[in-house]
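Student: Could you walk me through this model? I would like to look at the fold and then at some charged pairs.

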Amino acid sequence: MNGRCSAAMDGRPVKAVLFDLDNTLIETSRAGGVAIQKTSELLKTTLAVDDLTISNICDKFKQKLFRESFDPSAGRSIDEVRVGHWEESIQEAVGSCHTPSLAAQCYHLWKNSRLEVLSLSPEIRSLLKQLRSRYKLLLLTNGESQTQREKVETVGCEEFFDAIVVGGEHAEQKPHRSIFTLCFDMLEVEAQDCVMVGDSLDTDIQGGCNAGVRTTVWISSDGGAVPDGSVKADYTIPTVLDLPDVLAQLE
């Protein structure tokens with residue numbers, strides 16, 4: 001879908017703001033980079049292979065993580081699935097996993113290192129507190145339930161939001177309209193009362209458009225170049241800390 005598709009209604013007050021989590025409120029990509037670096041060091045001390053092979057193992061893991069399609073009904077936990085990603089990545093790169101427990105060690109180091117780095121900055125905490133005095137706030141994050149709930153708990157999100165919705169706990173995730181309708185119902189607002197804020201054009205902005213929100217706000221730290229054929233947000237800002245300026249324009 002091309003072009004902007006907000007349901008902007010002049011004069012209608014904004015009642016609620018829906019926030020994405022990863023790379024919108026918390027720096028998940030940066031935390032992932034730190035975690036991969038630490039895991040590389042573990043692999044280096046355990047496997048007698050060169051840096052290129054270590055890098056290859058980590059790249060394979062990141063690809064598997066990116067393409068991951070988790071089915072809770074398949075009988076494996078997300079932890080088991082991701083230990084499997086490391087096991088396969090090591091086997092594909094070096095032919096076999098000499099230390100049976102290495103994949104599990106890699107996974108737990110990666111997971112814990114990533115969670116340790118994640119935080120809601122004091123500035124973002126202050127922003128959410130300020131916004132909550134004026135609007136209803138809802139956190140809407142895609143992803144597997146355990147993984148996302150662990151992030152929410154680690155960074156202490158709960159106190160800032162009226163509701164938290166994790167896509168993996170529902171039949172459909174962003175950008176599907178149904179999960180947005182669920183959010184509007186939880187907050188007792190209409191789509192046109194809401195602003196959707198997130199870093200993904202494909203899920204957050206397209207989802208907001210599909211649901212008919214008042215305004216979409218894209219967080220783009222690298223200048224906001226929109227790929228051809230992609231949906232366009234109503235507003236683009238480099239950091240969520242600039243959101244009050246956008247909300248002021250909507251009043």
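Tutor: Happy to; here are a few questions with their answers.
This is a predicted model, where local features need pLDDT of at least 70 and side-chain atom pairs pLDDT 80 or more, while totals for chains, interfaces and linings use all residues. Residues are numbered from 1 along each chain as its sequence is written, and side-chain values use heavy atoms, without hydrogens and water.

Student: What radius of gyration does the chain have, next to that of a compact globule?
Tutor: The radius is taken over C-alpha atoms, and the globule rule is 2.2 Å times the number of residues to the power 0.38. For 251 residues, that puts a compact globule near 18 Å. The chain agrees with this, at 20 Å.

Student: Are Lys174 and Asp20 buried or exposed?
Tutor: Buried means under 20% relative accessible area, exposed over 50%, and partly exposed in between (1.4 Å probe, protein chains only). Lys174 has 5%, and Asp20 has 6%. Therefore Lys174 is buried, and Asp20 is likewise buried.

Student: How many residues apart are the salt-bridge partners Lys174 and Asp20?
Tutor: A salt bridge puts a side-chain nitrogen of Lys or Arg within 4 Å of a carboxyl oxygen of Asp or Glu. Lys174 and Asp20 meet in one at 3.0 Å, N to O. Lys174 is in the loop between strand 3 and helix 7, and Asp20 in the loop between strand 1 and helix 1, making the separation 154 residues.

Student: Which residues share a salt-bridge network with Lys60?
Tutor: Lys60 in helix 2 pairs with Glu92 in helix 3, so parts 32 residues apart in sequence are tied together. Through shared partners, Lys60 is joined in one network with Lys64, Glu88 and Glu92.

Definitions and conventions:
Helices (H or I, at least four residues) and strands (E, at least two) are DSSP runs, numbered from the N terminus.
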